[in-house]
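Got your viewer open? Here is a short walk, one selection at a time.

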Number of protein chains: 2
Amino acid sequence: MAKFIRVNMTDLTVDVSTVPSEYSKMGGRGLTSHFIFNEVNPECHPLGPNNKLIFAPGIVTGTAAPSSGRISVGAKSPLTGGIKESNSGTPFSQSLARLGYKAIVIEGQPENKKDLYLLKVTEDDAELIGANELEGKGAYETVTSLNEQYQDSDVCCIGPAGEKKMTMAGICFNDPEYRASRYSGRGGLGAVMGSKGLKAIVVEKGGCLIAPLDEDVFRAGQRKLVEGLRNHGVTQPGGTLNAFGTAALINVLNQAGGLPTRNFREGVFEGAEKISGEHMAEVIKERGGAGMTGHACHPGCVIQCSNVYPRPDGSDHVSCIEYESAWSLGANLGVDNLDQVAEMIRICNDVGIDTIEAGVALGVAMEAGLAEFGDGEAAIKLLKEIGKGSPLGHILGNGAGFTGRAFGVVRIPVVKNQAMPAYEPRAVKGIGITYITTPMGADHTAGYTIAPEILGVGGQLDPLDPKGKMEISRAFQAVTAFVDSCGYCLFITFATTDIPSATEGMVETVNGVLGTEYTPDDIVEEGLEILRLEKTFNERAGFTHKDDRPPEFMRYEKLPPHNHVYDVPDEELDEVWNF
Amino acid sequence: MAKFIRVNMTDLTVDVSTVPSEYSKMGGRGLTSHFIFNEVNPECHPLGPNNKLIFAPGIVTGTAAPSSGRISVGAKSPLTGGIKESNSGTPFSQSLARLGYKAIVIEGQPENKKDLYLLKVTEDDAELIGANELEGKGAYETVTSLNEQYQDSDVCCIGPAGEKKMTMAGICFNDPEYRASRYSGRGGLGAVMGSKGLKAIVVEKGGCLIAPLDEDVFRAGQRKLVEGLRNHGVTQPGGTLNAFGTAALINVLNQAGGLPTRNFREGVFEGAEKISGEHMAEVIKERGGAGMTGHACHPGCVIQCSNVYPRPDGSDHVSCIEYESAWSLGANLGVDNLDQVAEMIRICNDVGIDTIEAGVALGVAMEAGLAEFGDGEAAIKLLKEIGKGSPLGHILGNGAGFTGRAFGVVRIPVVKNQAMPAYEPRAVKGIGITYITTPMGADHTAGYTIAPEILGVGGQLDPLDPKGKMEISRAFQAVTAFVDSCGYCLFITFATTDIPSATEGMVETVNGVLGTEYTPDDIVEEGLEILRLEKTFNERAGFTHKDDRPPEFMRYEKLPPHNHVYDVPDEELDEVWNF
């Protein structure tokens with residue numbers, strides 16, 4: 001029987017029991033969002049005793065399904081004030097699933113707010129252990145020292161930002177080589193973990209693959225999905241993602257005039273090429289050493305889009321340079337030096353913060369005059385304030401919206417107080433609908449319409465034309481909610497969108513594991529049901545359609561070079577939820 | 001004909017024209033709230049070009065009506081995100097009214113955000129004048145230098161906090177002796193003025209009293225009201241307010257267990273007596289010199305509750321020590337030294353910030369560990385950061401809610417992000433209903449149920465009993481909206497609540513000025529109509545009944561000594577708006 005761990009941080013007790021039956025067919029985001037909806041008062045203070053934090057591997061995580069090592073983390077977000085799910089690819093999720101755990105739930109809050117704890121999870125048990133010796137430790141040191149202390153275990157932890165309850169704090173997981181590099185970064189879930197006094201979780205490595213209920217159905221599905229991934233230009237070995245990583249998008253978005261530059265003032269960055277995935281791959285090749293492209297964030301990934309970026313001497317600088325980070329800490333700050341960008345990502349990983357929120361906060365700080373756009377060294381200096389916990393660090397560490405309010409800035413690119421990612425809504429209208437309407441706050445991964453708008457996946461639409469984008473965004477949001485529940489990486493959808501048998505394969509693996517009889521036609525309705533719950537939670541927390549709006553400046557400031565404002569009408573935005 | 005000044009800060013033009021007919025029978029809060037409702041997009045950024053700032057004297061301001069020198073300032077608040085009216089007693093309002101101006105409206109925003117301007121208003125004209133020489137100047141120096149430069153004028157200005165667009169920035173007006181001491185303090189209206197590049201307004205002193213339309217009706221009303229004020233124990237010469245100022249409430253609330261102490265942890269302060277109005281009056285008497293009680297904030301006030309607090313050497317330290325300031329910078333910080341409190345008020349007045357929001361922000365900062373409760377010198381040091389504009393100053397200067405979020409504090413006593421004033425809702429249930437439901441954010445002046453709950457004015461209710469308080473709060477909120485529109489000081493309601501002829505007098509002065517035929521029975525309906533507008537604006541800005549809630553901690557933390565939580569049910573809070 002699948003198990004459920006409940007940790008009560010108020011009385012420091014741990015309960016391991018059978019998973020409640022209502023959650024037995026759920027996983028990932030479907031499980032975390034149902035749980036938060038059922039158990040968390042939407043009006044509670046996100047950092048108070050009444051919020052809960054839940055970790056859940058996906059439905060097929062821990063099986064032989066490809067690219068399925070995702071873990072979903074859920075809570076009421078201290079950044080947005082709404083429901084949050086943020087997922088990450090990591091062996092930690094696979095180990096947890098293989099030990100038979102459906103979820104870990106963290107509740108309550110210790111009386112003594114200074115003490116820190118570690119949760120140790122083994123096949124049969126889970127226990128809390130005092131961990132004050134880890135206070136203030138960066139994620140790198142925390143993962144390394146816990147890896148030494150608890151051999152053959154995977155690690156999850158927060159950095160100093162989470163301990164300080166900063167709302168850009170993420171939750172870190174190890175990659176296969178025990179780098180502190182995989183993050184459930186968005187929405188400040190690290191601050192929730194910090195508010196509960198939980199510094200880290202170690203999970204004994206689960207050895208055996210999970211056996212599906214129906215092995216034949218599962219195997220057939222797995223084969224179709226692997227086949228699809230191996231035959232799509234974006235996901236195949238040697239394909240775009242594998243060869244250049246997600247940063248392959250830098251040049252593409254720059255050409256489309258949709259690469260937000262210098263705090264969303266322009267859509268084209270003159271230094272784009274120097275921070276592109278192509279350039280990164282060249283540098284990695286030239287410098288050799290620890291550097292590599294085609295790195296896997298967890299075993300069993302077919303796509304392998306991660307990378308390790310080396311210093312000039314070949315030593316491991318950081319893993320990994322994603323498109324979002326290269327943009328947020330590069331183009332968004334006017335910085336075209338990839339080594340400076342790598343250093344900033346390393347700092348973010350160590351301090352334990354979301355690279356998107358961090359970069360956008362720095363951009364807003366530059367807007368406020370705290371540094372000049374283009375000054376990478378000044379940006380690094382600002383970023384270091386967060387880890388130090390100086391007053392300026394507490395401003396920046398609470399995100400882009402907070403930084404803007406601190407300094408009276410009007411040009412603040414956030415929705416529901418979460419920073420916009422690397423696609424300019426004024427140049428790519430559909431992704432703006434996703435940013436604006438998803439219950440998660442501005443988030444490209446919530447409904448990645450970039451596929452048809454920019455990449456020609458699932459059709460080819462004019463990114464500047466707002467027409468018809470509402471339906472596309474809604475459908476993508478629904479499919480994503482389903483995929484996030486499976487534990488699959490969102491990138492499998494490049495293949496499943498274009499290749500029907502790959503979609504069948506995805507659904508069949510789920511049926512094989514659960515014994516269900518979903519068909520591809522059910523995906524959207526299953527996803528919409530999760531979205532409905534999330535939306536309802538937000539409404540109960542006080543959100544209205546007024547929270548589904550772009551920042552006002554995008555309505556009256558034209559973005560070069562296309563000189564568009566954001567022109568999707570309010571009525572069209574509201575229509576996303578008319579289903 | 002009454003005139004309307006419209007200042008366009010985008011193209012730096014000024015238009016003086018006849019008051020629009022729809023506003024001709026309005027004044028004060030009724031006018032500002034109607035105007036903001038009609039002309040400001042509720043979804044605009046409060047510090048962006050689309051917000052508007054309006055100054056409006058009350059209906060009877062500038063006449064011989066007693067205690068009627070109030071000016072209302074309105075805008076969309078950068079602190080709450082909702083509609084805001086904040087009023088102040090000052091000769092400035094009387095002068096503006098006597099020159100025939102119904103309102104000054106400030107619109108738009110200069111391209112060059114660095115430049116500062118001054119608006120000069122004379123009987124026939126108004127003009128913008130460059131005022132970069134005033135950049136960074138405190139309110140004291142600004143008022144003094146403008147008083148020298150523009151003789152026989154009254155002055156309104158912002159301090160450095162407004163220039164820096166901090167959301168606790170207020171708008172300062174001179175008192176009769178040209179002290180920078182009268183504030184429309186709440187809701188961050190000084191930041192709106194700063195965002196428009198307007199540092200100050202000077203208005204030529206209006207010489208002649210306004211002649212009412214119906215002199216007889218007006219005179220009769222005026223006599224009844226003056227008679228009432230002179231015969232009520234709270235408002236009469238030598239009465240409580242006149243002798244001890246509003247700080248007479250310190251001992252009263254402390255005895256009731258409702259004086260919020262050390263960031264709303266307790267309801268009794270052991271040092272209360274030392275910051276009380278009685279003690280203050282003694283010190284003033286002892287030290288002599290510039291010190292005085294019974295000071296009038298504007299000519300023609302019968303109550304005269306203001307004061308000038310002297311230094312030990314008798315020189316003018318600050319005017320004035322109000323109950324709210326003595327509490328927020330005293331008991332709320334655990335500080336019982338009145339000289340330290342006076343110094344903090346002086347800093348607030350100079351930097352241009354709301355003393356309530358400032359004190360509560362400091363309390364939250366102490367909660368976060370930035371200083372020890374009781375350490376007045378540390379509090380002074382923290383307060384000075386605001387004027388300096390350091391990162392810490394930008395945190396504190398954006399208020400209690402912001403400071404709490406910066407440092408991950410859960411015990412944050414705000415509603416709609418505005419700091420709670422000096423009455424603990426857990427010990428005085430009705431005032432909590434006002435804090436929670438008024439469209440203004442936590443504000444005691446929006447519906448002062450303390451009168452019957454604590455002071456025995458208009459009856460005597462048990463402060464700890466939630467029953468029946470909803471109706472009381474709603475009625476008080478309605479009457480207040482009417483009084484705030486007249487330009488009367490709220491303190492006249494001590495008399496009007498207990499003395500029917502005083503109420504008649506108030507209504508008759510309005511009828512005399514406007515030629516209307518209001519009766520005392522119309523007051524509540526007139527007030528409710530203003531409240532409806534304000535509530536609707538907030539709804540259009542995205543507020544729901546979830547914004548009409550106490551901070552969560554007050555629902556589960558019991559307040560000593562009565563050990564009550566805040567127990568007015570949500571349904572009862574929502575019922576306030578069921579009319």
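In what order do the 6 strands of the open sheet in chain A lie? Keep in mind that you are looking at a predicted model. Colour the strands by number and read across: the order is 8-7-12-9-10-11, and the pairing is mixed.

Now go to the borders of this sheet. Select 126-130 for strand 8 and 180-184 for strand 11 of chain A. Both stand at the edges with a single partner strand each, so one side of each has no neighbour in the sheet. Tilt the view a little, too: neighbouring strands here are turned by 25° against each other on average, ignoring direction.

Stay with strand 11 of chain A and add strand 10, residues 171-174. These two pair in the antiparallel sense over 4 bridges. Show Phe173(A), and you'll find Arg182(A) of strand 11 standing opposite.

Next, select residues 91-98, which form helix 2 of chain A. Helix 2 lies across strand 9 (153-157), strand 10 and strand 12 (198-204) of chain A. Its direction runs at about 120° to strand 9 of chain A.

Time to zoom out and show both chains. How many degrees of rotation superpose chain A on chain B? It takes 180°, with 0.0 Å of shift along the axis, and the RMSD is 0.0 Å. The two copies are thus related as by a two-fold rotation axis. To find that axis from chain A, pick Pro391(A): its C-alpha is the nearest to the axis in this chain, at 2.9 Å.

Last stop, the interface. Of the interface residues of chain A, 100% are interface residues in chain B as well, so the copies meet through the same surface.

Technical notes
Residues numbered from 1 in each chain as written. Chains lettered and ligands numbered in written order. Predicted model: local features only at pLDDT ≥ 70, side-chain atom pairs only at ≥ 80, totals over all residues. Pairing = 2+ DSSP bridges. Axes fitted to C-alpha atoms, helices over the stretch in contact; angles between N-to-C directions. Contact = placed C-beta atoms within 7 Å. Least-squares fit on C-alpha atoms with pLDDT ≥ 70 in both.
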